Amino acid sequence: MMINPLTVLFQDEQLLAVHKPAGLLVHRSPIDKHETEFALQYARALNGGDHVYPVHRLDRPTSGVLVFARDPETARTLGKALMAGEVHKTYLAMVRGWPAATGEIDHPLRDEPEDRRKKGMEQPVREARTRFQTLATVEIPVEIEKYPGSRYAVVELFPETGRKHQLRRHMKHINHPIIGDANHGRGRHNRYFAQRFGEGRLMLAATRMAFAHPKTGEAISITAEPDKGFVRVLSIFPGFSFRKLRAIVAR
């Protein structure tokens with residue numbers, strides 16, 4: 001029997017929220033036509049085989065909170081709340097270098113179409129904003145580029161818009177790319193962590209999603225702890241324990 005890789009975080013008559021592991025697509029994509037496993041099909045299995053409706057995106061290499069609506073009306077309501085900026089998301093990331101203690105990245109991004117036939121066409125540029133907060137920093141005595149030591153940080157990211165690959169592109173824009181990002185990161189650093197910990201996953205996890213319940217209006221906050229592989233890489237930060245991480249995610 002096939003093991004369902006999704007873990008239920010919240011469920012009621014309107015919503016199904018799960019933890020999606022890194023490496024799993026949410027649904028079929030023109031870019032990954034060969035893939036046969038999707039979060040959507042596993043969510044349907046958790047929903048008794050009935051259809052579910054994804055209300056937001058979560059990139060394939062990103063793990064964490066993924067919310068589905070269990071009916072079209074709920075999907076429409078949550079979709080409108082997302083467009084209105086009424087859904088608040090929090091991500092945890094490990095990045096190269098030491099960012100400021102807090103900051104905001106206000107940097108427009110050009111659309112990245114999934115359809116390869118549109119790659120040569122001019123795409124619109126849209127406003128994009130991300131706030132961040134640095135939680136921990138470390139310098140390890142390993143020469144990866146031209147310096148005798150290498151600096152890293154754990155940051156919380158709060159996207160205020162929802163552009164494709166926004167967090168990954170924004171962190172690259174301020175020269176603090178996310179570790180494990182094959183498209184927007186730094187290859188030498190990615191390879192170091194892949195070799196040291198035996199996995200080259202993107203160090204980005206959706207840890208919280210908060211919104212008003214689409215039917216009752218109740219304040220809903222859905223959280224998910226990063227998986228063991230993510231926490232294992234964070235072991236390079238002295239004092240940044242799993243207990244502290246739990247407290248951050250749960251607040």
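Me: Let's start with charged pairs. Which side chain meets that of Arg-168 in a salt bridge?

Reply: The general idea is that side chains of opposite charge can pair when their charged atoms come close. In this predicted model, Arg-168 meets Asp-181 in a salt bridge, with 3.2 Å from N to O. The two come from distant parts of the chain: Arg-168 belongs to helix α3, while Asp-181 sits in the loop between α3 and α4 (187–197), 13 residues apart. Both Arg-168 and Asp-181 are buried.

Me: And which residues are joined into one network by salt bridges that share partners?

Reply: That network is made up of Glu-127, Arg-129, Arg-131 and Glu-160. Take one of its pairs: Glu-127 forms a salt bridge with Arg-129, and their closest N and O atoms are 3.0 Å apart. Glu-127 has a relative accessible area of 48%, so it is partly exposed. Arg-129 comes in at 22%, which also counts as partly exposed, because buried would need a value under 20%.

Me: How many salt bridges turn up in the whole structure?

Reply: The search finds 10. One more worth a look is Arg-96 with Glu-145, at 4.0 Å from N to O. Arg-96 is in strand β5 and Glu-145 is in the loop between β9 and β10, so this pair ties together parts 49 residues apart in sequence.

Me: Is Arg-96 buried or exposed?

Reply: Buried, because its relative accessible area is 17% and the cut-off is under 20%.

Me: OK, on to the greasy parts. Which residues touch the most other members of the largest nonpolar core?

Reply: Generally speaking, nonpolar side chains in soluble globular proteins tend to be buried together. Here, the largest nonpolar core has 52 residues, and Met-94, Tyr-152, Leu-234 and Phe-237 touch the most other members. Apart from it there is another core, with 15 residues, including Ala-17, Ala-75, Ala-81 and Met-209. To see how one of the top four is placed, pick Leu-234: beyond its neighbours within four places in sequence, it is in contact with Leu-92, Met-94, Val-154, Met-203, Phe-240 and Leu-245.

Me: What about empty space? What is the volume of the largest pocket?

Reply: About 980 Å³. Of its 37 lining residues, the closest to the centre are Arg-57, Lys-89, Thr-161, Gly-162 and Arg-163. Several elements give two or more residues to the lining, among them α2 (72–83), β5 (88–96), β9 (129–140) and α3 (166–173). If you care about electrostatics, look at the classes: 12 nonpolar, 10 polar and 15 charged.

Me: Which residues line the largest cavity?

Reply: The structure holds 1 cavity of 30 Å³ or more, and the largest has a volume of about 30 Å³. Its lining consists of His-56, Val-65, Lys-89, Thr-90, Tyr-91, Ala-206, Arg-208 and Met-209. Strands β5 and β11 (204–212) each give two or more of these. By class, the lining has 4 nonpolar, 2 polar and 2 charged residues.

Me: Last one: where is Gln-14 placed?

Reply: Look in the loop between β1 (7–11) and β2 (15–20). Gln-14 is buried, with a relative accessible area of 11%. Setting aside neighbours within four places in sequence, Gln-14 is in contact with Phe-68, Ala-69, Arg-70, Asp-71, Thr-74, His-213 and Lys-215.

Technical notes: Residues numbered from 1 in each chain as written. Predicted model: local features only at pLDDT ≥ 70, side-chain atom pairs only at ≥ 80, totals over all residues. Heavy atoms only, no water. Core = buried A, V, L, I, M, F, W, Y, C linked by side-chain atoms within 4.5 Å. Buried < 20%, exposed > 50% of the residue type's maximum accessible area, 1.4 Å probe, protein only. Contact = heavy atoms within 4.5 Å. 1 Å grid on protein atoms, 1.4 Å probe; cavity = no way out; pocket = protein on both sides within 12 Å on 5 of 7 lines; lining within 4 Å. Points joined across faces, edges and corners; volume = space filled by probe spheres on them. Helix = DSSP H or I, 4+ residues; strand = E, 2+ residues; numbered from the N terminus. Nonpolar A, V, L, I, M, F, W, Y, C, P; charged D, E, K, R; others polar.
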